[in-house]
Every structure is written in C-alpha cells, then in structure tokens.
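The following note was prepared for a colleague who will work from the coordinates. Please read it alongside the model.

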Amino acid sequence: MRNRLLLSFALMVLCFMSVASQTYIDLGLSVKWASCNEGASSPEGYGNYYTLKVAKSFSLPTKAQMEELDSKCTWEVITLKEVTGMKVTGPNGNSIFMPCAGYLNDSTLDARGSHGYYWSSTPYPYGDSVYYLHFSSDGNRYVDGYSASSEFSVRTVADTGGEAMVTLGEYIDLGLSIKWASCNEGASSPESSGNYYIWKAACKFNLPTKAQMEELYNQCTWEVATLKGVKGVKVIGPNGNSIFMPCAGWCYDSTLNSQGRYGSYWSSTPNPGDDYHAYRLYFNSNGKSSVSNENNNVSFEFSVRQVAEK
C-alpha cells in the first residue's frame, strides 16, 4: 500500500513538473502574453494545434484581451529565422512574435506561412463557435468567430499583478445549475487557502460532483488573477458573476506543497471501480486547468469548495 502511495505521489509531482514553463512578456496591457505558442520552444516555433475543448485547459485570452492586443499594439509583418509572422509591439515598447502557423483541417495542415489562427476563451453568440484572432502575411487581421471543433494555435496569457474583482456573498449564482461558495472550506475570505482534507473527510461537506465541476470548467471563463497578493483563478459565469479560487496547493504527510502555484479541489465522485482515487478540479498559476481522476490518491489532502442548490 505504501509503495502504491509513493508511486502516486511521484506521478503527481511529475505531472506538476511537466507543465510548460512559459516566459510571459509585459506589453503594457491588462495581461502578459506568452513569448511562444503552446507546444513550441521558441518564438518562431509553430507549436501544436488544438480544438477548443482541449485548448480550454490553457490560460486563453478573452475576446476583450485579444481586441486590446489588436487595437493598442503596433503590428508588423516580419520574418524570424525564416518563419513569417507578426511582430506585435506593445505601448511600452516590448514585443512578441506570432508565427503564421496555419491550422489543421481534418488532420491536414493548411495556410502555414500565410495565416495565423489563435483561440480565445470567449464563446461566439451564434452556434457552436468561439472567437479567435486571425492575421495574414499581407498584414490583414481581425477577431471573429469560428467552429470550436477547428484546430488552431494557442498563445496563453498571464496576470500582470492587478487585483481581481469578484462577486460578494456566501454562495454565488454563476448562472449554472448550482451555486458555488465564495470561499474555500475553513477560510473566511475568497483569497484564503482554508483547510486541506483527505477525500473521505472532504465528503462530509457538500462537494460538487464531477459533472458540476465540468460545468464550471466548460461554461465559465477562466482568468489567471491575483486577489490581495494571492495567486489564483477568477471564474466568471455566463451571467457575469464570478468567484476567486486560490492556488492553495495541497498536503501529503502533513507537508504543504505548491502553495501559490497549484490548486486542487475535491469532487464527490470516486474513480469507478477504484478505491484509491477520486475526481478533482486542478489548475495552476499559468491558467492550465482540468477535471481529472489521474494521480488523485484519496489520501492526499486537497482544498474543498462547497456548492448549494439554487
């Protein structure tokens, strides 16, 4: 049993360590922009291509943040190490390079070298579409909507250190099937970490189910944010109300790990046919998030965020 726990612990650490270490550039805007595409190791690298369902696991810019990049920066078509793309220079003089990476259409690469397509996190008001940023090698660019099943590039964003503003109250109606508590269990304010619980102890609270966590994940806009100096995520519901969830870290063997870098929150849903794992909501300070049952041993101590009926 102990060997199994140690293996799960090692896998969890490796999972945390595998998160891409991006460099973020302050362009003088409301958020910092990554220097590289997701999956690339250099600014001119094309990186990977993602449907929106997969892309949402990263810290995507909102439509408003893309429009800010478009309208407040100077855009110039250049070639960097034989790759055509855009040099985007912010109001403060700093710049990033965004390659014309093209897109995947039914696993076929198209428009590489002539067009760039980058996902936002904001749903388009019509159909199963989402806003994206498009630019071309002739200098044309715009923000518009396209099918969420398309495979586009991802350029992540990060908080600049500004304070988040969230909706006040004990339980917040985000426009979902349930209300979400404004604070972690054991905390008296949204930015406080609160207590940490093994899964069996956590289940005495009104935990969200896996389906309710997936609803929060899929139907809300997630932004990396800071509240009173604490790193976390601001989760904005379809109705505009929001909650803050701190990167509270997690405990094992009474040792606190990764506070300020990761958040792990228990659901009430066990792993089917497995007494050792349960589903959790995970996110990090770069905005990557998921609902998963991987490396979530029930003896680990995670945070609890309760829910309530509407």
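The points below cover the basis of the model, its confidence, one sheet and one hairpin.

1. This is a predicted model, in which local features need pLDDT of at least 70 and side-chain atom pairs count only at pLDDT 80 or more, while totals for chains, interfaces and linings use all residues. Residues are numbered from 1 along each chain as its sequence is written, and side-chain values use heavy atoms, with hydrogens and water left out.

2. The mean pLDDT (the predictor's confidence in each residue, from 0 to 100) is 88 for the chain, and 91% of its residues reach 70 or more. Over residues 1-21 the pLDDT is below 50, and this stretch has 33 contacts (heavy atoms within 4.5 Å) beyond near neighbours in sequence. Where pLDDT is low, the predicted coordinates should not be read in detail.

3. Three strands (DSSP runs of E, at least two residues, numbered from the N terminus) form an open sheet in the order S8-S9-S10, with antiparallel pairing (at least two DSSP bridges between two strands). Strands S8 (115-123) and S10 (141-147) are at the edges with a single partner strand each, so one side of each lacks a neighbour in the sheet. Strand S9 (residues 129-136) is joined to S10 by 7 bridges, and phenylalanine 135 stands opposite arginine 141 in S10.

4. Strand S4 (residues 83-89) runs antiparallel to S5, joined by 5 bridges; lysine 87 stands opposite phenylalanine 97 in S5. Their hairpin has 5 residues between the strands, and glycine 93 takes a positive phi near 95°. In S5 (residues 95-99), 4 of the 5 residues are buried (under 20% relative accessible area, 1.4 Å probe, protein chains only), so this strand is largely enclosed by the rest of the structure.

How values were computed: Buried < 20%, exposed > 50% of the residue type's maximum accessible area, 1.4 Å probe, protein only.
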